[in-house]
Amino acid sequence: MNLAAYFSGSLKALGRGDGWETDFDLSKKGFSQSFAALFLTLPCYYVCGLAVAKQRAALAGAEIAATIPLLPFVIIFTLYAFAFSVCAYLIAMVFDKQDRFRAWVIVRHWTVFFAVLLAAVFMGLTLIGLPFVIANFAAFALYMSTLVIDIRYAQKIAGFEWGAAVLTGCILTAMGFTILLTGVAQFTQ
């Protein structure tokens, strides 16, 4: 597992050039390791959640420390993390792209890992003093970039035409957003 190569490959896969395939382990072992990237995003999401909870507590004038219940958080974000794999598998089956499914999942998992890691860095800095508005803008931009990532990877890696890639990216992003909104609704009740 070479994180520098995975990062480089993620950038190459987003661009016009080729060569991203050599940066990733596209074997069954690499497929399994890409799910480790999903689990590595959970602490990053938690840091982002703590920063948001701290900001909400500050805006409400609460004197208690901001916390997030760990078990519901892990359940919701595990569902969110696996939503892509499940949806991508169904889409690959329907459109007969199963031969490209493994590469699509591997590259997308690692790319999202790096995006979430960067968002966690920004949000973590708010816990030590960075203005929340700056970190929130950066994290939101990184979250919205997943739509662009999903469209690009559906086109370049999964082999969809432009229109089908846009539809696929929108479906994948909508599924994840639905899970997040459902989870947030549980926290705010």
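**A walk from a loop to the aromatic rings**

Let us start at D96, which sits in the loop between α3 and α4. Keep in mind as you look around that this is a predicted model. The backbone at D96 deserves a glance: its phi is positive, about 55°, although D96 is not a glycine. Most residues other than glycine have a negative phi. Is the residue buried or exposed? With a relative accessible area of 60%, D96 is exposed, because the cut-off for that label is over 50%.

From the loop, step on to helix α4, which covers residues 98-126, and look at how it meets α2. Two packed helices are described by the angle between their axes and the distance between the axes. Here the axes of α2 and α4 come within 8 Å and cross at roughly 25°. That makes α2 roughly parallel to α4, since angles under 35 degrees count that way. The crossing in which α2 passes α4 is left-handed. What kinds of residues make up this contact? Sorted by class, there are 22 nonpolar, seven polar and three charged residues.

Now stay with helix α2, residues 28-60, and turn to its rings. The model holds a count of 20 aromatic pairs. One of them joins F31 and F35, with ring centres 5.1 Å apart and 80° between the planes, an edge-to-face arrangement. Both residues belong to α2 and are four residues apart, about one turn of the helix. F35 counts as buried because its relative accessibility is 17%, and the limit is under 20%.

Further along the chain, Y46 pairs with F73: the ring centres are 5.0 Å apart and the planes stand at 85°, so this pair is edge-to-face. Where do the two partners come from? Y46 is in helix α2 and F73 is in helix α3 (residues 70-94), 27 residues apart, so the pair links distant parts of the chain. F73 is buried as well, with a relative accessibility of 4%.

Rings also gather in a group. Y6, F7, F24, W110, F113 and F114 form one aromatic cluster.

Finally, look for positively charged side chains above ring faces. R108 lies over the face of F84, at 4.3 Å from the ring centre. K97 does likewise with F160, lying over the ring's face at 5.3 Å from its centre. K97 brings us back along the sequence to D96, the exposed loop residue where we began.

Conventions
Residues numbered from 1 in each chain as written. Predicted model: local features only at pLDDT ≥ 70, side-chain atom pairs only at ≥ 80, totals over all residues. Heavy atoms only, no water. Phe/Tyr/Trp six-rings, centres within 6.5 Å; stacked < 30°, edge-to-face > 60°. Helix = DSSP H or I, 4+ residues; strand = E, 2+ residues; numbered from the N terminus. Buried < 20%, exposed > 50% of the residue type's maximum accessible area, 1.4 Å probe, protein only. Lys NZ or Arg CZ within 6 Å of the ring centre and 35° of its normal. Axes fitted to C-alpha atoms, helices over the stretch in contact; angles between N-to-C directions. Parallel < 35°, antiparallel > 145°, perpendicular 65-115°, else oblique. Left-handed = near helix turned anticlockwise from the far one by under 90°. Nonpolar A, V, L, I, M, F, W, Y, C, P; charged D, E, K, R; others polar.
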